[in-house]
Amino acid sequence: MNTALALLADAPVSPAMPASIQVTLVLALLLFAIGLVGFLTRRNMILMFLCTELMFQAAALAFVAFGRMWMDLSGQLFVIFILTVAAAEAALALGLVVLLYRRKETLSNDAWAELKE
Amino acid sequence: MDLALLPTLLLAAVDGAHAASDGHAAHAAGYADVGTLQFAKANVDAGYSWLKWMLLAPLASVVLCGAFALLKVKGRWPAVFTVGSFVLAAALAVQLYLQWSPTLFSTHAPLAVPLGDWIDLRWGTGPFQSLVAGFGLYIDGITMLWMLFVTVLATLIALYASEYMESDVKAGYARFFFAVSLFVASMLILVMSDNLIGLYLGWEGVGLCSYMLIGYYATQPGAVAANKKAFVMNRIGDLGLALAVFLIWTNYGTVEYDGLFQAIAASDAGTVQGSWGKAAIPFLLLLAVCGKSAQGPLFTWLPDAMWGPTPVSALIHAATMVTAGIYLLARMAPFYTAQAIGAEWAETALLTVGWIGCATAFIGATIACGQFDYKRVFAYSTISSLGYMVMGLGVGTAFGGVYYVFTHAWFKALLFLTAGAVMHGMAGQVDFRKLGGLLKVPGFRLTMLCMLLGCAYLATMPFSAAALSKDIILYQALTSPVEQVRWMGWLGLATAGITAYYAFRVWFRLALGPVRMEPGPDQHGHDDHGHDAHGHHAHAHDSHGHAGHGFHPHAPGVRISLVLAVIAVGSVLAGLPSYLEGKLGFNWVQRFVSNSSAWIRDTAGPEHAEILGRDAHGALFVLATGVVVVGVALAFVLHAANPALGDRLRTRMLATPGLKWLATGSEHGWWVDQIYAGTIGMASWIVAQLLYVTDRVVMDGIVVTAVGRVPGFVARIFQPLYTGSVQGYALTMAGGIGLILVWVVWIWLSGGAS
């Protein structure tokens, strides 16, 4: 048993915690589904971007849940990475959105359908 | 000219018929079977490794001149480096000669000096399981002779060039001396290397340098065409040399001279297994000689090489590059013996060498008669003289051939350098119809007298060095037991007469008659230097008022005059080996040759030989002197005593349909260039066109375009899927992931992944 993990846990834990992991995973699934549906139905680039963030966090939540399940720090480590990369990516993506808005004076991604060629 | 010789030729025919009936069958087989061959094993002595400085000095000059050329430094330093390094090389050659001459004349062992490893491949211990070619020197008689005259003449020519190229100090001076240094370094590598691969290195080196030097005036299209031609022609010969080296290795298992000559000497002429591979070696070597020494079918590059600066012509045509072919023949003489390739093939190979040389000598001389560019006359005379040398080796007197190389190197350098002095003074005028009476022009007297000496030697004036050496070749040929060889001798004698005619045709036209000085195309620098000559020449302009009014020819300066005088003296002294033969009891050059691999047969000709039923020596002297006198007399009548007659004769020849071809053919080099252009050139043009069309239609049209259209075609099928809507793409992706999930779950549920 890892000492660091033991400090983290507020109570003695056992590997199998079926009730809590199922709840967490369902929550992550819901978050992901909301994000996916939002991404597919929205045309506003900022909202689409927010939906991708939602899917990100769903994945991060699943990582935490599985890390807890296996008593392994790797899941939490991955989350730290995801948050860091997501922060950088958010800066980039929002900057892009701003630039795209300046070009077309609209946030709709349909305005850029001409890129298909 | 030819008519005068007809009786002798008829007599020769009768003579030949006689010999054929009595002696031909008995002697012909022995022609290439030279009895026991003995080559002393080389004496390895690393104590002579200071000889490497002979190669390193010119190479150091190459580096320095190259640096000057690259950094575009102007100045006269490159000439100093070059002349200095050549002086050092010449001093070392003389030093070696002095150290070595006592043993040279007593023992027969060549000197081998290992300098370092180069190629050392071994894949076994037996024969034919290694390829070894080191940096090493192999010095026997002919190497020594070549080392001496190459370095001494190169020094003199470089000194001459330092003045001749003066007007280029601000342009290509460093580039010029870079190439000249590399040229001499390559030539020394060629003659001093102890193996065939080293020889090949030098062989290619001189080829490259001749390319650079012929094309020195790179802004002139003619020069560029000429150097390309020289290079391509030489490549054909180089291919022969490369193939010969390959075959020598596959047949003897080594490319080092010492091992090769020992192997040939050890084999027995009676039992030698002649194979096509061995028999091809001498012919491939001959092809190489044809390229480098401008023989037979490959001679046409040499006249065009006149585009190079004149000192280069002297260096290439007199002392170095063209004699490399003769060196190769002399060095590889053991391959023309029965021991090496069997008696029949060896005889055929020797006769081929002889005929190529003989025919080239004759054709070169006939073309020289029709040229009006004096430099080109000397170029064709070089072809002709080289033909003599090759013929000498073919008829079996390596001594005669090499001796003529030695004497020719001097007087031909003299001729080219005097021609250069005239060109230099006359702003590049090379047409002797536009010049005349130069003997009367102050400042040119020495030049014209030197040219007279050169022409007399070219014409093989009796008792001159040239005649003494050439007569050895003719003597050997005319007293040969083989009928074909005697025919070569008679044709060679006729060539001597023609040579006498054209040599003096040039000199009479240039030196005698009224003073005529039409300047040539390049007026470069005649204001820079030559002020001293203006005063002297003023009267010539005033009294004649020729086309070049205001043109001031400038006489050669100190360095050119000095070099001319030295080489003129050298030309005369080149006959010393013969003059002193009675006193010393031996011929100096013969000693060199007899201590080398060229010495494959006993001395010249049978005893008490006869030519036309008389004593051979006396008869040959009378015949040779006779043709020279006739030739010079004809030249005198047509070009000195009554030049108008000569001109009228030419006009009439051109007007007579039956004789027109003679005059125009000679002037145009028997249209050899045109014939090559019409046959080989046209054939390659047609092949090139076919390949061009194939390339356009098959490669570009079918292969490339077809392959190039495949991605476009595939793209057109799938293009409609790209709607431009991000949501569409995302839906596709999500759907795809969904499908994969369903598939995984399905497999899982059906227990497939257990």
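# Worked exercises on a two-chain predicted model

With 21 C-beta neighbours inside 10 Å, B:N587 counts as buried. Keep in mind that everything below comes from a predicted model.

**Exercise 1. Work out where B:N587 sits in chain B and which residues it touches.**

Start with the burial call. The cut-off for a buried residue is 20 or more other C-beta atoms within 10 Å, and B:N587 has 21, so it counts as buried.

Next, place it on the chain. B:N587 belongs to the loop that links α24 (581-584) to α25 (588-594) of chain B.

Then list its partners. Setting aside residues up to four places away in sequence, B:N587 touches B:P577, B:S578 and B:E581.

Finally, try a distance check against B:L260. The two residues are 327 residues apart in sequence, and their C-alpha atoms are 28 Å apart in space.

**Exercise 2. Decide whether B:T320 is buried or exposed, and find its contacts.**

Location comes before counting: B:T320 is in the loop between α12 (310-319) and α13 of chain B.

Now apply the burial cut-off of 20 or more. B:T320 has 28 other C-beta atoms within 10 Å, so it is buried.

For the contacts, leave out neighbours within four places in sequence. What remains is B:V150, B:A154, B:F183, B:V184, B:M187, B:V206 and B:L315.

One more distance: B:S186 is 134 residues away from B:T320 along the chain, and 9.8 Å separates their C-alpha atoms.

**Exercise 3. Classify the packing of α13(B) and α16(B) from their crossing angle.**

Take the geometry to begin with. Helix α13 (residues 321-331) of chain B and helix α16 (residues 374-395) of chain B have axes that come within 10 Å and cross at roughly 5°.

Angles under 35 degrees count as roughly parallel, so α13(B) and α16(B) are roughly parallel to each other.

Which residues make the contact? On α13(B) they are B:V322, B:I326, B:L329 and B:A330, and on α16(B) they are B:T382, B:L386, B:M389, B:V390 and B:L393.

Sorted by class, this contact of α13(B) with α16(B) has eight nonpolar residues, one polar and no charged ones.

**Exercise 4. Do the same for α5(B) with α22(B), then for α8(B) with α10(B).**

For the first pair, the axes of helix α5 (residues 141-164) and helix α22 (residues 558-573), both of chain B, come within 8 Å and cross at roughly 155°. Angles over 145 count as roughly antiparallel, so that label goes to α5(B) and α22(B). Their crossing is left-handed.

Now for the residues. From α5(B), B:L156, B:L159, B:Y160, B:S162, B:E163 and B:Y164 meet B:R559, B:I560, B:V563, B:V566 and B:I567 of α22(B). The class split for this contact is eight nonpolar, one polar and two charged.

On to the second pair. Helix α8 (residues 221-252) and helix α10 (residues 276-292) of chain B have axes that come within 7 Å and cross at roughly 155°. That makes α8(B) roughly antiparallel to α10(B). The crossing of α8(B) and α10(B) is left-handed. The residues of this contact split into 14 nonpolar, seven polar and three charged.

**Exercise 5. Find the residues with the most contacts inside the largest nonpolar core, and look at a second core.**

The largest nonpolar core has 237 residues, and B:L188, B:V402 and B:L414 have the most contacts inside it.

Zoom in on one of these. Not counting residues up to four places away in sequence, B:L414 touches B:C450, B:L453, B:G454, B:L564, B:I567, B:A568 and B:S571.

There is also a second, separate core of six residues, including A:A28, A:A58, A:A60 and A:F63.

**Exercise 6. Profile each chain, then describe how they meet.**

Begin with chain B. It has 30 helices and seven strands, and 50% of its 754 residues count as buried. Take its contacts between residues at least 6 apart in sequence: 82% join residues at least 24 apart.

Turn to chain A. It has four helices and zero strands, giving the pattern α-α-α-α along the sequence. Buried residues make up 11% of its 117 residues. For chain A contacts between residues at least 6 apart in sequence, 53% join residues at least 24 apart.

Last, the interface: eight residues of chain A are in contact with nine residues of chain B. On the chain A side, the residues divide into five nonpolar, one polar and two charged.

How values were computed:
Residues numbered from 1 in each chain as written. Chains lettered and ligands numbered in written order. Predicted model: local features only at pLDDT ≥ 70, side-chain atom pairs only at ≥ 80, totals over all residues. Contact = placed C-beta atoms within 7 Å. Nonpolar A, V, L, I, M, F, W, Y, C, P; charged D, E, K, R; others polar. Axes fitted to C-alpha atoms, helices over the stretch in contact; angles between N-to-C directions. Helix = DSSP H or I, 4+ residues; strand = E, 2+ residues; numbered from the N terminus. Parallel < 35°, antiparallel > 145°, perpendicular 65-115°, else oblique. Left-handed = near helix turned anticlockwise from the far one by under 90°. Buried ≥ 20, exposed ≤ 12 C-beta atoms within 10 Å, placed from the backbone. Core = buried A, V, L, I, M, F, W, Y, C linked by C-beta atoms within 7 Å.
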